[in-house]
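Here is a short walk through one model. Keep the coordinates open and follow along.

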Amino acid sequence: QVSEPNEFDIMLVMPVARLQLDECDDTGAYYYVSFKRNPKEKNLLKFLDEDGKLSAFKMLQALREIIKQEIKNIKNVEVTVKRKKAGSPAITLQIKNPPAEISVDIILTLEVQQSWPSSTQDGLKIEQWLGRKVRVEFRNKSLYLVAKQNKKEKVLRGNTWRLSFSHIEKAMMNNHGSSKTCCEYNGPKCCRKGCLKLLKYLVEQLKMKYTKELEKICSYQVKTAFFHSCVMWPNDADWHLGDLDYCFQKYLGYFLDCLQKSQLPHFFIPQYNLLSLEDKASSDFLSRQINYQLNNGFPIF
C-alpha cells in the first residue's frame, strides 16, 4: 500500500518436484494440479481429492490449523488469524502492537522447476525494454502456483491453482531501467516508480470512497498497466525524473484507454483479460472518477 504501509504479503513457498498441470478454463492462468507417477512428496498425497487433483482448499485448511496453533506461542504481541475470505488465497494475520496495527497475508505457493505453460509463450514482451537476455533468464526461473479459487468454475471445489509471477514482477521493479544503472546509488534517476505509486494511491483512495462500485477493481490491474507502459516507452529518457507529471498523465491515459475498451491483457498471459466485460460497470465507474480527477487537478491528492 502506498498511503499507509500496514499490509504485507508473504509467500510461503513449497518446492515440489514435477507437476502435471491441466488448464481449467480459457484464461490460461488457472490449473488443476496433479502429480506425475510416484511423487517424491509422499506427504502431500493426503491433500489429493477423489480425482487425484491436489486440493488447494485442503492444503490451506491444514496450513490454517498449523498457523492457529503456532500463534498461541507468541507471547509479547497480540496476533490473531482473521476469518477466512471466500476465494482468497491468503491466510491473514492481524498483528496488534503500537505504533500501528498491521495485517500480514500468508500465501501458500507451490514452486516447480519446470518450463512455463504454453499460455505464457507470447507474454513478457520486454525485449525492447529490458532486453532479450533478461527475458530468457526470467523464463528459466521456477514456476509459482498460488492456491486460488477459480470463480468461473461451475462447482466451486477449491482444487484450482493460479499461476503467479510476483517473483518476476519484483525483479522487474528492482531493475526497471533499460540501462543497468537507472536509479542506482550514483546512476540517473527515473520516475517510473513515482508514476506507479501515484496511480496506485489514486485508485486506492477511490476504492475507499466507492467500495461497492469499485469492488472489481484491484491494484494488480494498475501494476499490469504499468508494466505495459514500460514496454511502450522502453527508454529511460521516456521517464525522466523531472517529467513526473507528464509521464504520469501518459501512463494514466493508457490505463483510461484500457478501462474504456475493457481490455487489459495479463502481462505474462496475453489471452487473459484482466478487465473482462462482465466487470464493465466497475471499469466505467472508475473511468468517470479518474476523468473527474484529471479535469479538476486531482483534488484527491
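Begin with a pair of helices: α4 and α5 cross in a right-handed sense. The model is a predicted one. The two axes lie 10 Å apart, and the packing angle is about 150 degrees. That angle makes α4 roughly antiparallel to α5, because anything over 145 degrees falls in that class.

Which residues make the contact? From α4 come Arg-192, Leu-196, Leu-199, Lys-200 and Val-203. From α5 come Ser-219, Val-222, Lys-223, Phe-226 and Cys-230.

Now stay with Arg-192. It is among the α4 residues that touch α5, and it also forms a salt bridge with Asp-236. The closest N and O atoms of that pair are 2.9 Å apart. Where do the two partners sit along the chain? Arg-192 belongs to helix α4, residues 192-209. Asp-236 lies in the loop between α5 (219-232) and α6 (244-261). The partners are 44 residues apart, so the bridge links distant parts of the chain.

Is this pair buried or exposed? Arg-192 has 0% relative accessibility and therefore counts as buried. Asp-236 has a relative accessible area of 16%, so it is buried as well. The cut-off for buried is under 20%.

Next, look at Lys-212 and Glu-215. Their side chains also meet in a salt bridge, at 3.5 Å from N to O. The setting can be read from the accessibilities. Lys-212 is exposed because its relative accessible area is 61%, where the threshold is over 50%. Glu-215 comes to 48%, so it counts as partly exposed.

A further bridge joins Lys-53 and Asp-51. Here the closest N and O atoms are 3.9 Å apart, and the cut-off is within 4 Å. Asp-51 is partly exposed because its relative accessibility is 45%. How many salt bridges does the structure hold? The count is seven, including the three described here. Side chains of opposite charge can pair when their charged atoms come close.

Finally, set the helices against the annotation. An unreviewed UniProt entry lists residues 191-291 as "domain: Mab-21-like HhH/H2TH-like". What is the make-up of this stretch? Over residues 191-291 the chain is 61% helix and 0% strand. The C-alpha atoms at the two ends of the stretch are 22 Å apart.

Definitions and conventions
Residues are numbered from 1 along each chain as its sequence is written. This is a predicted model: local features need pLDDT of at least 70, side-chain atom pairs count only at pLDDT 80 or more; totals for chains, interfaces and linings use all residues. Side-chain values use heavy atoms; hydrogens and water are left out. Buried means under 20% relative accessible area, exposed over 50%, partly exposed in between (1.4 Å probe, protein chains only). Helices (H or I, at least four residues) and strands (E, at least two) are DSSP runs, numbered from the N terminus. UniProt positions are given in the numbering used here, feature names are shortened, and annotations may be inferred rather than shown by experiment. Axes are lines fitted to C-alpha atoms, for helices over the stretch in contact, and angles run from 0 to 180 degrees between N-to-C directions. Angles under 35 degrees count as roughly parallel, over 145 as roughly antiparallel, 65 to 115 as roughly perpendicular and the rest as oblique. A crossing is left-handed if the near helix is turned anticlockwise from the far one by less than a right angle, and right-handed if clockwise. Contact means heavy atoms within 4.5 Å.
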